[in-house]
Amino acid sequence: MSHGPRSGLYAVSSALLAMSRHLEVRDVLKTIVASARELLDAQYAALGVPDDHGGFAQFVVDGVSDAQWKAIGPLPRQHGILAAMLREARPERLADVRKDPRFEGWPEAHPDMSDFLGLPIRDGDEIIGALFLANKLRPAGGPPCPEPDGRCGFTEDDEELLTILAQHAAIALTNARLYERSRELTIAEERSRLAHELHDAVSQKLFSLRLTAQAAAALVDRDPSRAKGELQHVAALAAEATEELRAAVIELRPAALDEDGLVATLRTQIQVLDRAHSARVTFASHGVRALPASQEEAMLRVSQEALHNALRHSGATRVDVTLDRHGPGAVLHVTDDGSGFDPTAIRRAGRHLGLVSMRDRASGVGGTLTVESAPGKGTVIEMEVPGG
C-alpha cells in the first residue's frame, strides 16, 4: 500500500496518538471521526454507537457545521444503510450511496453525499460502533479530484487504511468506556464513605438528643427550671441534626473534577468532613492552576486517604489541608495533630494507613509523596505534582 505524505505513516501515527490522548467517551468519538476524515481526505465523516434497539445511542459527525446539524434535525430511529451496517457487520464501499437499494433518503437540510465508505468498529465479536466517510476529495497523495463533481470515490487502499484506524479506534473507545466505568465506581465508593461520615455525625446527635429528652422528662415534676434548660438543649441538638441532614442532601454529591476542578471539589468535601467530625478540618488554596486530569484525580484520592487516616485513626483534634501552586504544578499538604506513627515501619503502618497506595498514585502521575511523622507528634503528608 503506497500513500503520499499526508496519508502516510506519519499521518496514521498522528491519528492514533490523537485517539489515545482522550479518556472521555465523547472526546474519543470526536477524535476518531476527525482523524478519519482528515486521514482519508473525505468531505464528511460520522461515527454511530449502537443502542439495544437497532439504532444509534450516540452519533458524532465531522465536516458538518453546527448550524447545518441543527437544521437537519433529529435522526430517524432506523438509518437505512447505516443501520444495516450494524446488523450485517461488514465493510461497505459504494460509488454512490444514493443508488443503493437500502438508501432511504435524508432530510432536506442534509448535505449531498455520493461515494461512501463505512466500517464496523469491533471489540471481539461485539459491534461497538460504525464509522462512515462520504465524498472523497482527492486521491492518496494527489491533487484534488477533477470536475465536474470534484469527487474521486474511495479505493481498496482507503478501505485498508480505515480498517487499521477502526481497529485502534476500538481499543481507544473500549479504554474510554472502562475509564468512565472505573470513575463511576470510584465516585460511588467516595459517596458511600461521605454518607457514612454524615450518618455517624447525625446518629451521635440524635442519641444525645434522646438522652437529653429523657432527662428533661424526669425533671419536669421535681425541677421545672432544670427541665426547661434540658428542653432548650434538645431544641439546639435537633437544629444541629437538621443541619447535618440538610448537608447530606445538598452537599453530598459525586466528586465532579471535570466540572468543578480540584480546588472546588476538595473545598466541598472538607466542609462536609468538618461538619461530620468533632475534629476541626480546614482547607486553604493559593494560586493553583488547572492541572492535567490524571494529576488532579491522584491529588484528590491522596487527600481523601490522608484525611481518612487522620480522622479515623490518629485521634487528631485538627486537620489542615493546603493546596498551593508550585511552578507549573502544585503541592498538597495534609497536616494533623494526632498520635502520629513511625513512618519507617512501612510494612506495618504503610499498609494499614494506605501509604503504599498513596505513593503509587503520586508516582503514577510523575509526582512525589513524602511523610513526616513520629509517635505523639502528628503527621504531615506532602504530595507534589509537576503540572502539564
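The following exercises, with worked solutions, concern a predicted model.

Residues are numbered from 1 along each chain as its sequence is written, and side-chain values use heavy atoms, with hydrogens and water left out. Local features need pLDDT of at least 70, side-chain atom pairs count only at pLDDT 80 or more, and totals for chains, interfaces and linings use all residues.

**Exercise 1. The sheet**

Task: give the strand order of the open sheet of five strands, and state which strands are at its edges.

Solution.
1. Strands (E, at least two residues) and helices (H or I, at least four) are DSSP runs numbered from the N terminus. Two strands pair if DSSP finds at least two bridges between them.
2. The order is S6-S7-S8-S10-S9, and the pairing is mixed.
3. S6 and S9 are the edge strands, each pairing on one side only.
4. From one strand to the next, the twist averages 10°.
5. S7 and S8 are antiparallel over eight bridges; Val319 has Asp336 of S8 as its bridge partner.
6. S8 and S10 also run antiparallel, joined by seven bridges, and here Asp336 has Thr379 of S10 as its partner.
7. S9 and S10 pair antiparallel over six bridges, with Leu369 opposite Met383 in S10. Their hairpin has five residues between the strands, and Gly376 takes a positive phi near 80° there.

**Exercise 2. The faces of S10 and the helices**

Task: determine which side chains of S10 are buried, and which strands H8 and H10 lie across.

Solution.
1. Buried means under 20% relative accessible area, exposed over 50%, and partly exposed in between (1.4 Å probe, protein chains only).
2. Thr379, Ile381, Met383 and Val385 point to one face of S10 and are buried, while Val380, Glu382 and Glu384 point to the other and are not.
3. Axes are lines fitted to C-alpha atoms, for helices over the stretch in contact, with angles from 0 to 180 degrees between N-to-C directions. Contact means heavy atoms within 4.5 Å.
4. H8 lies across S6, S7, S8, S9 and S10, at about 5° to S8.
5. H10 lies across S9 and S10, at about 145° to S9.

**Exercise 3. The nonpolar cores**

Task: find the residues with the most contacts inside the largest nonpolar core, and the element that gives the most to this core.

Solution.
1. A nonpolar core is a set of buried Ala, Val, Leu, Ile, Met, Phe, Trp, Tyr and Cys residues joined through side-chain atoms within 4.5 Å.
2. The largest has 33 residues, and Met299, Leu332 and Met383 have the most contacts inside it.
3. Elements giving two or more residues include helix H7 (257–276), helix H8 (293–312) and strand S8 (329–336). H8 gives the most, with eight residues.
4. Beyond its neighbours within four places in sequence, Met299 touches, among others, Leu262, Leu323, Leu332 and Met383.
5. A second, separate core has 29 residues, including Val28, Leu47, Leu131 and Leu173.

**Exercise 4. Aromatic pairs**

Task: classify the pairs Phe59–Trp69 and Phe103–Trp106 by geometry.

Solution.
1. Rings of Phe, Tyr and Trp (its six-membered ring) pair if their centres lie within 6.5 Å; planes under 30 degrees apart count as stacked, over 60 as edge-to-face and the rest as tilted.
2. The structure holds four aromatic pairs.
3. Phe59 and Trp69 have ring centres 6.2 Å apart and planes at 5°, so this pair is stacked. Phe59 is in strand S2 and Trp69 in helix H3, 10 residues apart.
4. Phe59 is buried at 15% relative accessibility, whereas Trp69 is partly exposed at 30%.
5. Phe103 and Trp106 are edge-to-face, 4.8 Å centre to centre with 75° between the planes.
6. Phe59, Trp69, Phe116 and Phe132 form one aromatic cluster.
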